[in-house]
Amino acid sequence: MTDLDNSPSLAALRPQSSQEDAGSALHELQTLLPGRVLLPEHEGWNLARLGWAVNVDQHPIAVVTVHGPEDVVVAVGCAARHGLSVSTQPVGHGATTALTGTVLLRTGALQDLTIDVERRVARVGAGVKWGTLLAALEPTGLMALAGSSPDPSVVGFTLGGGLSWFSRALGLTAHSVVAFEIVDAAGVRRRVSPSTDPDLFWAMCGGGGDFGVVLFVEIMLDHVGPIVGGRMLWPLEMARPVLRAFRQITADAPDELTLWAHLFRFPPMPELPELLRGRSFVSVDMTFLGSETEANRLLSRLRQLPAQVIDTVGVVPPSQLGGIAAEPVDPMPTQEYSELLRGLDDATLDRLVDAAGAGADIPVAVVQIRHLGGALTRATPEDGPNGAIAEEYSVFCLGVPVAPGLPEAIEAAFAEVRTALAGQRSGRTLFNFLGAESDLGSTFSATSRARLRRVKASTDPAGVFRSNRPV
Ligand SMILES: Cc1cc2nc3c(=O)[nH]c(=O)nc-3n(C[C@H](O)[C@H](O)[C@H](O)COP(=O)(O)OP(=O)(O)OC[C@H]3O[C@@H](n4cnc5c(N)ncnc54)[C@H](O)[C@@H]3O)c2cc1C
């Protein structure tokens, strides 16, 4: 008996795969892809199996670091022949235990990136992160629908819908996809577009990575002109007036203006700037697709508030977009709660400040309220499984469970935030903001879920692919 036979992961193999099949499949994989396959008995396994959220206990049966598209074809073909499932994880921001028992493909090396300025289309390899794409776009005057962080892969982010800084003006990132190039369940490399495979294309525009391994995504780019962006920061004691001003501005903001409010508790870590270290703040982060003068006019209500600590609002080059929210990029343990909110009123904001403001002692590093609306409300069910997002705001909370007892304390704090927001919670959570233990029950309508399952059944009946959030 080998170490592998004892692995708990083998319990989660596809029904048609026996442990014997798995053993011979892994042996074949190692022969076909020498030096690229790591197994539980190999040195470095415990690091290799983890995602970015290092507290998520992922147990694949092998980790394959692909060097190019051909390796993906080989790995999927081998897994399909032997009744194994494949999952894909370039970065691990979406780490979940759903990939237990799979062959985990690391696609970070697929770094090809082409920008066709004339056609306004970027062809983005599966390993390319947002930071790389944004830097490449800088000289072109074109922009893609990027989110808050430079660290997620463009492909992983987009498969999950992609809530961008610019989604109020231009919709979800997934709705800017022109085509995907995939390796399908038969191990065949092919292009998926609205004209070749309308149902499969629809499912991949927000339904996640359950339908194939994406080698490239082609996304439409926009001429957005100069982007104004930045952060305004006050001590957490100012949370009440800042959140009220945030609500008032968002109530009639143009679609080109996006505001996200945060309640921050920064840990006393030496890596943080001295100004932030161990202190608590309320912030409003923003982008505006328009002139600086107009942005300043729209923000004047916030600027009138006293005690402001930082104001970085100004023209932001695309490559610096990730600097606005300045989120951590190094792997860490995380615990998350997110939900959409139908609206906000002063009473709800007051309860939120009571639960998470300066007077509360809670182990939650970030409470973020994003303003949605605009083009997100105008999407249709044909654009992708998300359809329209009617809710006006989302909430996202992050805790960092670094000590025993903290996971429970963080959960209790999330419960207090939920209670504070009770009257406005819609029960829906966007795909990319689901916590590690969540499933798609709270994300899509029953109609979308049923269509996703039909697409899965017709394109991958044997379950060759397993995403972090299986449909
Ligand atoms: C700091 C931070 C900020 C964020 N900000 C935003 C934001 O502004 N807007 C937003 O929408 N989301 C945001 N997210 C969430 C993020 O977009 C999701 O976690 C997304 O899944 C990350 O993709 P990834 O490829 O980086 O992660 P991974 O965990 O590596 O991949 C996530 C999943 O995508 C699928 N996948 C990835 N690559 C492929 C492929 N080549 N083929 C098939 N399937 C694939 C797999 O199912 C995989 O499990 C943020 C996350 C973090 C950590």
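Colleague: How many bridges join E1 to strand E2, and which way do they run?
Modeller: In this predicted model, strand E1 and strand E2, which covers residues 62-65, are joined by 2 bridges and run antiparallel. Within that pairing, Leu38 stands opposite Val63 of E2.

Colleague: And what sheet do they form, in what order?
Modeller: The sheet is an open one made of 4 strands in the order E1-E2-E4-E3, and its pairing is mixed. Strand E1 (37-38) and strand E3 (86-88) are the edge strands, as each of them pairs on one side only.

Colleague: Switching to E10, is that strand buried or exposed?
Modeller: Strand E10 spans residues 227-235, and 8 of its 9 residues are buried, so the strand is largely enclosed by the rest of the structure.

Colleague: Which strands does E10 pair with?
Modeller: One of its partners is strand E12 (residues 280-289), paired with E10 in the antiparallel sense over 9 bridges, and there Trp234 stands opposite Val282. Strand E14 (residues 314-315) also pairs with E10 in the antiparallel sense, over 2 bridges, with Val315 in E14 as the bridge partner of Val228. Strand E13 (residues 310-311) is joined to E10 by 2 bridges and runs antiparallel to it, and here the bridge partner of Leu233 is Ile310.

Colleague: OK, new topic, the ligand. Which residues come nearest?
Modeller: There are 30 residues around the ligand, and Val91, Gly92, Gly94, Ser153 and Leu163 come nearest.

Colleague: Where are the polar atoms close to it?
Modeller: For Gly92, a backbone N or O atom lies 2.7 Å from an oxygen atom of the ligand. In the side chain of Ser148, an N or O atom is 2.9 Å from a nitrogen atom of the ligand, while in the side chain of Asn432 an N or O atom is 2.9 Å from an oxygen atom of the ligand.

Colleague: How much of the ligand is buried by the protein?
Modeller: The ligand exposes 960 Å² when taken alone, and the protein buries 94% of that area.

Colleague: Which elements give two or more residues to the shell, and which gives the most?
Modeller: Helix H5 (154-159) and strand E9 (213-220) are the elements that give two or more residues to the shell, and H5 gives the most, with 4 residues. Sorted by class, the shell has 12 nonpolar, 16 polar and 2 charged residues.

Colleague: Last thing, aromatics. How many pairs are there?
Modeller: The count comes to 9 aromatic pairs. One of them is formed by Trp165 and Trp260, which are stacked at 3.6 Å centre to centre with 10° between the planes.

Colleague: Why does that pair tie together parts of the chain?
Modeller: Trp165 lies in the loop between H5 and helix H6 (167-170), whereas Trp260 lies in strand E11 (residues 257-265), so the pair ties together parts that are 95 residues apart in sequence. Both rings belong to buried residues, since Trp165 has 0% relative accessibility and Trp260 has a relative accessible area of 1%.

Colleague: What about Phe246 and Tyr393, how are their rings arranged?
Modeller: Phe246 and Tyr393 form a tilted pair, 6.1 Å centre to centre and 55° between the planes. This pair links distant parts of the chain, with Phe246 in helix H8 (residues 239-251) and Tyr393 in strand E17 (residues 393-399), 147 residues apart. Phe246 is buried, and so is Tyr393.

Colleague: Which residues do ring pairs link into a cluster?
Modeller: Phe264, Phe266 and Phe281 are linked into a cluster by ring pairs.

Notes:
Residues are numbered from 1 along each chain as its sequence is written. This is a predicted model: local features need pLDDT of at least 70, side-chain atom pairs count only at pLDDT 80 or more; totals for chains, interfaces and linings use all residues. Side-chain values use heavy atoms; hydrogens and water are left out. A residue is near a molecule or strand if one of its heavy atoms lies within 4 Å of it. A polar contact is a pair of N or O atoms within 3.5 Å; within protein, one must be able to donate a hydrogen and the other to accept it, and residues adjacent in sequence count only if both atoms are side-chain atoms. Accessible areas come from the Shrake-Rupley method with a 1.4 Å probe; for residues, only the protein chains shown count as cover. Ala, Val, Leu, Ile, Met, Phe, Trp, Tyr, Cys and Pro count as nonpolar, Asp, Glu, Lys and Arg as charged, and the others, Gly among them, as polar. Buried means under 20% relative accessible area, exposed over 50%, partly exposed in between (1.4 Å probe, protein chains only). Two strands pair if DSSP finds at least two bridges between them. Rings of Phe, Tyr and Trp (its six-membered ring) pair if their centres lie within 6.5 Å; planes under 30 degrees apart count as stacked, over 60 as edge-to-face and the rest as tilted.
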